[in-house]
Amino acid sequence: MQRVETLDELLVAEPSILIPPTPAEVQDETENLQVLTHAVERIWRQAREEVEREREHQRRAAERARFNLD
């Protein structure tokens, strides 16, 4: 796609933007969005679990260090 500066230039360069998507295209994009959403949710959950594991590891290490000092 070429660089455009105005809406008029865009309409000349890409007149297809005025054509609404077909129901099949909408369905495809919806499915793609759902797949991406699930992937992001999974990655977020894994990252959060990793942070929680690391915090627990650090808490236990601090307890061991405190026990060894007593």
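# Notebook: charges and helices in a predicted chain

**Entry 1. Charges over the whole chain.** I began with the charged side chains and located the mean position of the 10 positive charges and that of the 16 negative charges; these two points lie 17 Å apart. I note at the outset that the model is predicted.

**Entry 2. Overall form.** I looked up the secondary structure next and found two helices and zero strands in the chain. The radius of gyration is 26 Å, whereas the globule rule gives 11 Å for 70 residues; the value is well over that figure, so the chain is more spread out than a compact globule. Along the principal axes, the C-alpha atoms fill a box of roughly 80 × 30 × 15 Å.

**Entry 3. Surface.** I then asked how much of the chain is buried, and I recorded that buried residues make up 1% of the 70 residues. The exposed area of the chain is about 6700 Å². Carbon and sulfur atoms supply 58% of that area.

**Entry 4. A negative patch.** Which residues form the negative surface patch? I listed Glu 25, Asp 28, Glu 29 and Glu 31 as its members. I followed one of them, Asp 28, further and placed it in helix H2, which covers residues 23-69. The relative accessible area of Asp 28 is 42%; because this value falls between the 20% and 50% limits, I entered the residue as partly exposed.

**Entry 5. Salt bridges, beginning with Arg 3.** Side chains of opposite charge can pair when their charged atoms come close. I therefore searched for such pairs, and the structure holds six salt bridges. In one of them Arg 3 pairs with Glu 5, and the closest N and O atoms are 3.0 Å apart. I checked the accessibility of both partners: Arg 3 is exposed, and Glu 5 is exposed as well.

**Entry 6. Glu 52 and Arg 48.** I examined a further salt bridge, in which the side chains of Glu 52 and Arg 48 meet at 4.0 Å, N to O. Both residues belong to helix H2 and are four residues apart, which means that about one helical turn separates them. I noted Glu 52 as partly exposed, with a relative accessible area of 46%. For Arg 48 the corresponding value is 41%, and this residue is likewise partly exposed.

**Entry 7. Arg 60, Glu 56 and their network.** How far apart are the closest N and O atoms of Arg 60 and Glu 56? I recorded 2.9 Å for this salt bridge. The two residues lie in helix H2, four residues apart, about one turn of the helix. Arg 60 counts as partly exposed at 47% relative accessibility, and Glu 56 counts as partly exposed at 27%. I also found that this pair belongs to a network of salt bridges that links Glu 56, Arg 59, Arg 60 and Glu 63.

**Entry 8. Distances from Arg 42 and His 38.** I turned to Arg 42, which is found in helix H2. With a relative accessible area of 39%, Arg 42 is partly exposed. I took the C-alpha separation from Arg 42 to Arg 59 and obtained 26 Å for two residues that are 17 residues apart along the chain.

Is His 38 buried or exposed? I entered His 38 as exposed, because its relative accessibility of 53% is over the 50% limit. The place of His 38 is also in helix H2. From His 38 to Arg 48 there are 10 residues in sequence and 15 Å in space, C-alpha to C-alpha.

**Entry 9. Review.** I close with the points to retain. The chain has two helices and zero strands, and buried residues account for 1% of its 70 residues. Among the charged groups, I marked the negative patch that includes Asp 28 and the salt-bridge network that includes Arg 59.

Notes
Residues are numbered from 1 along each chain as its sequence is written. Side-chain values use heavy atoms; hydrogens and water are left out. Patches are made of residues with over 30% relative accessible area and no salt bridge: like charges are joined within 9 Å, nonpolar side chains (Val, Leu, Ile, Met, Phe, Trp, Tyr) within 5 Å. Accessible areas come from the Shrake-Rupley method with a 1.4 Å probe; for residues, only the protein chains shown count as cover. Lys and Arg count as positive and Asp and Glu as negative; His and the chain ends are not counted. The place of a charge is taken as NZ of Lys, CZ of Arg, CG of Asp or CD of Glu. Buried means under 20% relative accessible area, exposed over 50%, partly exposed in between (1.4 Å probe, protein chains only). The radius of gyration is taken over C-alpha atoms; the globule rule is 2.2 Å times the number of residues to the power 0.38.
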